[in-house]
Amino acid sequence: MKKSIELYKDNLREGLNKYTRKAYLMLPELDKPRILDIGCGSGVPTMELARLSNGQIVGLEIDQALLNKLMRKIEKAGLSDRIKTVRCSMFELDFPDESFDIIWSEGSIFKIGFEKGLKKWKRFLKPNGFLVVHDEITNTKKKLKYIPNCGYKLLGHFLISEDIWWAEYFRPLEKRINDVRKKYINESRALLELDNEQQEIDMFKKNPKSNRSIFYIMQKK
Ligand SMILES: C[S@@+](CC[C@H](N)C(=O)[O-])C[C@H]1O[C@@H](n2cnc3c(N)ncnc32)[C@H](O)[C@@H]1O
């Protein structure tokens, strides 16, 4: 049951790849870029980046179980020569300076903090390399100031509204949870797990606006 909800979440996340594509297409055309995807999770955007570019991708993640999922996807897609996985914390990146044309981070920079992430990750970008961050909506004004202060040029940014998050992620997820609940009506452990899943949706409903998110497309100056 848990697996089927997780798989469904991955499918819904794939639906959001159109925003990953939109952000990628805001970059100039790059030949075989080297891309570091920080906090790649089970690799939904990582796989999309491989499809979008003809480059080499490193998916970096702290959770080995998620990396295992990504490794299965890579193998199934026959992309082992183009996507590598690294188990590592974003706090302890260990790559030579100027290793990457693009650093990508969706839903993960909040862990290190926006300003610190921008500062610490910069040295791993080649001169004029790109940093793309999909972030929570908080402190947008401050973050827009950090971008030039940390040595980047903002090429563009766009919002994913609460309506999009509801229509494309939380509403279908809630429907699936309710459908699954009917099947497991007599299984208390499964029902508890479904309650846990529902919590994320209830939090969204309490304050939909705080669930808006934003893509920043930046270039190292
Ligand atoms: C919200 S998920 C986003 C996953 C993926 N980027 C996506 O958009 O589908 C955030 C990811 O950051 C990872 N993460 C959290 N702390 C981390 C750290 N210190 N170093 C590397 N990854 C971390 C989590 O394990 C999780 O997979």
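## Helix packing, sheet and ligand shell

Helix 2 and helix 3 lie oblique to each other, and that pair is a friendly place to start a tour of this predicted model. The angle between helix 2 (residues 17-24) and helix 3 (residues 44-52) is about 45 degrees, and their axes are 10 Å apart. From there the tour moves to two helix pairs that share helix 7, then to an open sheet of seven strands, and finally to a ligand surrounded by 17 residues.

**Helix 2 with helix 3**

- The crossing of helix 2 and helix 3 is right-handed.
- On the helix 2 side, the contact is made by Asn-17, Thr-20, Arg-21 and Tyr-24.
- Helix 3 answers with Val-44, Pro-45, Glu-48, Leu-49 and Leu-52.
- Sorted by class, this contact of helix 2 with helix 3 holds five nonpolar, two polar and two charged residues.

**Helix 1 with helix 7**

- Helix 1 (residues 2-15) packs against helix 7 (residues 162-183) at an angle of about 160 degrees, and the two axes are 10 Å apart.
- That angle makes helix 1 roughly antiparallel to helix 7, because angles over 145 degrees count that way.
- Helix 1 and helix 7 cross in the right-handed sense.
- Helix 1 contributes Ile-5, Tyr-8, Lys-9, Leu-12 and Gly-15, which meet Glu-168, Tyr-169, Pro-172, Leu-173, Arg-176, Ile-177 and Val-180 of helix 7.
- The class count for the contact of helix 1 with helix 7 is eight nonpolar, one polar and three charged residues.

**Helix 7 with helix 8**

- The axes of helix 7 and helix 8 (residues 188-206) come within 10 Å and cross at roughly 155 degrees.
- Helix 7 and helix 8 are therefore roughly antiparallel to each other.
- Here the crossing is left-handed, whereas helix 1 crosses helix 7 in a right-handed way.
- From helix 7, the residues in contact are Trp-165, Phe-170, Leu-173, Glu-174, Ile-177, Val-180 and Arg-181.
- Their partners in helix 8 are Leu-191, Leu-194, Glu-197, Gln-198, Ile-201 and Phe-204.
- By class, the contact of helix 7 with helix 8 comprises nine nonpolar, one polar and three charged residues.
- Leu-173, Ile-177 and Val-180 of helix 7 meet residues of helix 8 and also residues of helix 1.

**The sheet and helix 4**

- Seven strands form an open sheet with mixed pairing, in the order 3-2-1-4-5-7-6.
- Strand 3 (83-87) and strand 6 (152-160) are the edge strands, each pairing on one side only.
- Ignoring direction, neighbouring strands of this sheet are turned against each other by 15 degrees on average.
- Strand 6 pairs with strand 7 (residues 213-220) in the antiparallel sense, over eight bridges.
- Phe-158 stands opposite Phe-215 in strand 7.
- Helix 4 (residues 64-77) packs on the sheet, where it touches strand 2 (56-61) and strand 3.
- The direction of helix 4 makes about 170 degrees with that of strand 3.

**The ligand shell**

- Of the 17 residues that surround the ligand, the closest are Gly-39, Gly-41, Met-90, Glu-106 and Gly-107.
- The shell divides into seven nonpolar, five polar and five charged residues.

How values were computed:
Residues numbered from 1 in each chain as written. Predicted model: local features only at pLDDT ≥ 70, side-chain atom pairs only at ≥ 80, totals over all residues. Near = placed C-beta within 6 Å. Nonpolar A, V, L, I, M, F, W, Y, C, P; charged D, E, K, R; others polar. Axes fitted to C-alpha atoms, helices over the stretch in contact; angles between N-to-C directions. Helix = DSSP H or I, 4+ residues; strand = E, 2+ residues; numbered from the N terminus. Parallel < 35°, antiparallel > 145°, perpendicular 65-115°, else oblique. Left-handed = near helix turned anticlockwise from the far one by under 90°. Contact = placed C-beta atoms within 7 Å. Pairing = 2+ DSSP bridges.
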